[in-house]
Amino acid sequence: MTNSPLLTFHNGVSIPQLGFGVWQVADDAAEAAVSEALRVGYRHIDTAALYQNEAGVGRAVAASGIPRADIFITTKLGNPDHGYDAALRAFDTSLEKLDTDYVDLYLIHWPQPKRDEYVPSWRALEKILADGRARAIGVSNFTIEFLERLAAETDSKPVINQIETHPYLAQVHVRSYLADHDIVHESWSPLGQGGELLTDPALVAIAQAHDHSVAQVVLRWHLQRGSVVIPKSVTPSRIAENYAALEFELSTAEMAAIDGLDKGKRLGTHPDDAG
Ligand code: NAD
């Protein structure tokens, strides 16, 4: 088993670059999928209060026999829980469900539904960090404008921004801003939710040349761009297949060809449509 490479945040904490996502997986199924992922070698799990499966994730982690310190757990503040006090309460609930006394990474899931509330929420995250109950804090679905406001109104910056990213939505502009500010980029829906991306002829050709799957080629592209990536699957063979993306490499020309597929095609909500 190959271990995932680690990326180090500006606060010194490291995150396994290849993780495992559990959006749209019911609580019991999440327990089974995370158990399988941990067995295969993943050591980074991405959940959220909104996914309603933190308890299943917690049960899988507890049952794995793997020391808690060896597993990186991310969860997120849900949209109904913005505001300083509400965010602190929501974090307590997440810890309880996860059955742990800290998370590795706590994110603001969306800068919505009320755009002016994420600043007080961020102050709650700063307190959670200061109290040692999260090892790092970050954001998700933040545009440059949202990041700039956070920078202007607070004294700390997120370690990461988790945003929709795949070859059809390469996020070149936001990634360049994040790189300039030493904020790690994390790709959600990295496989384009398993849709038409996975039959793209250019990707199929690259996959055939490597004798690997299109999903593996796409995950390689994320990894070689230096992003954190969190593919989701509940199918054991695919959970293993996605993890094996660690084991080969794309050429510079192949990376450039995949970069060329960007067409700004979004599958999820645009952060500006918040609220
Ligand atoms: P994804 O891009 O990871 O695609 C998952 C789907 O692709 C699976 O349901 C399956 O249909 C297919 N698939 C997976 N592995 C495959 C393989 N090897 N071969 C063929 N098909 C395969 O989609 P996602 O779940 O939307 O995103 C991944 C994770 O990102 C989520 O689980 C969640 O943790 C996170 N996420 C975060 C946000 C956010 O707002 N922060 C939003 C969406 C997703």
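**Ligand**

I began with the ligand and V22: a polar backbone atom of V22 is 3.2 Å from an oxygen atom of the ligand. The model I consulted is a predicted one, and I read each distance below as a computed value.

I then looked up side chains that approach the ligand through polar atoms. For D46, a polar side-chain atom lies 2.7 Å from a ligand oxygen atom. For H109, the corresponding side-chain distance to an oxygen atom of the ligand is 3.3 Å.

I next asked how many residues surround the ligand. I found 26, and the closest are D46, S140, S189, L191 and N242. D46 thus appears in my notes both among the closest residues and as a polar partner of a ligand oxygen.

**Largest pocket**

I looked up the largest pocket and noted a volume of about 720 Å³. I recorded 32 lining residues, with W23, S189, P190, Q193 and K232 nearest the centre of the pocket. Two elements give two or more residues to this lining, namely helix 8 (214–224) and helix 9 (236–243). Helix 9 supplies the largest share, which is three residues. By class, I listed 14 nonpolar, 14 polar and four charged residues in the lining. I marked S189 in particular, as it lies among the residues nearest the centre of the largest pocket and is also one of the closest to the ligand.

**Second largest pocket**

For the second largest pocket I noted a volume of about 260 Å³. Its lining consists of 17 residues, and L6, P16, R43, D70 and I71 are those nearest the centre. I divided this lining into nine nonpolar, four polar and four charged residues.

**Y42**

I located Y42 in the loop between helix 1 (27–40) and strand 4 (44–46). Is Y42 buried or exposed? I entered it as buried, because its relative accessible area is 0%.

Setting aside residues up to four places away in sequence, I found that Y42 touches L18, G19, F20, A37, I239, N242 and Y243. One of these, I239, also offers its backbone oxygen, which lies 2.6 Å from a polar atom of the Y42 side chain. I checked the separation from A240 as well: the two residues stand 198 apart in sequence, yet their C-alpha atoms are 9.3 Å apart in space. N242, which Y42 touches, is one of the residues closest to the ligand.

**T143**

I placed T143 in the loop between strand 7 (134–140) and helix 5. Its relative accessible area is 14%, so I entered T143 as buried, the cut-off being under 20%. Beyond its neighbours within four places in sequence, T143 is in contact with H270, P271 and D272.

**T154**

I found T154 in the loop between helix 5 (144–153) and strand 8 (160–164). With a relative accessible area of 7%, T154 is likewise recorded as buried.

Which backbone oxygen does the side chain of T154 reach at 2.8 Å? I identified that of L150. A polar atom of the T154 side chain also lies 3.1 Å from the backbone oxygen of S156. Leaving out neighbours within four places in sequence, I listed V119, W122, R123 and E126 as the contacts of T154.

Conventions
Residues numbered from 1 in each chain as written. Predicted model: local features only at pLDDT ≥ 70, side-chain atom pairs only at ≥ 80, totals over all residues. Heavy atoms only, no water. Helix = DSSP H or I, 4+ residues; strand = E, 2+ residues; numbered from the N terminus. Buried < 20%, exposed > 50% of the residue type's maximum accessible area, 1.4 Å probe, protein only. Polar contact = N/O pair within 3.5 Å; in protein donor to acceptor, adjacent residues only side chain to side chain. Contact = heavy atoms within 4.5 Å. 1 Å grid on protein atoms, 1.4 Å probe; cavity = no way out; pocket = protein on both sides within 12 Å on 5 of 7 lines; lining within 4 Å. Points joined across faces, edges and corners; volume = space filled by probe spheres on them. Nonpolar A, V, L, I, M, F, W, Y, C, P; charged D, E, K, R; others polar. Near = heavy atom within 4 Å.
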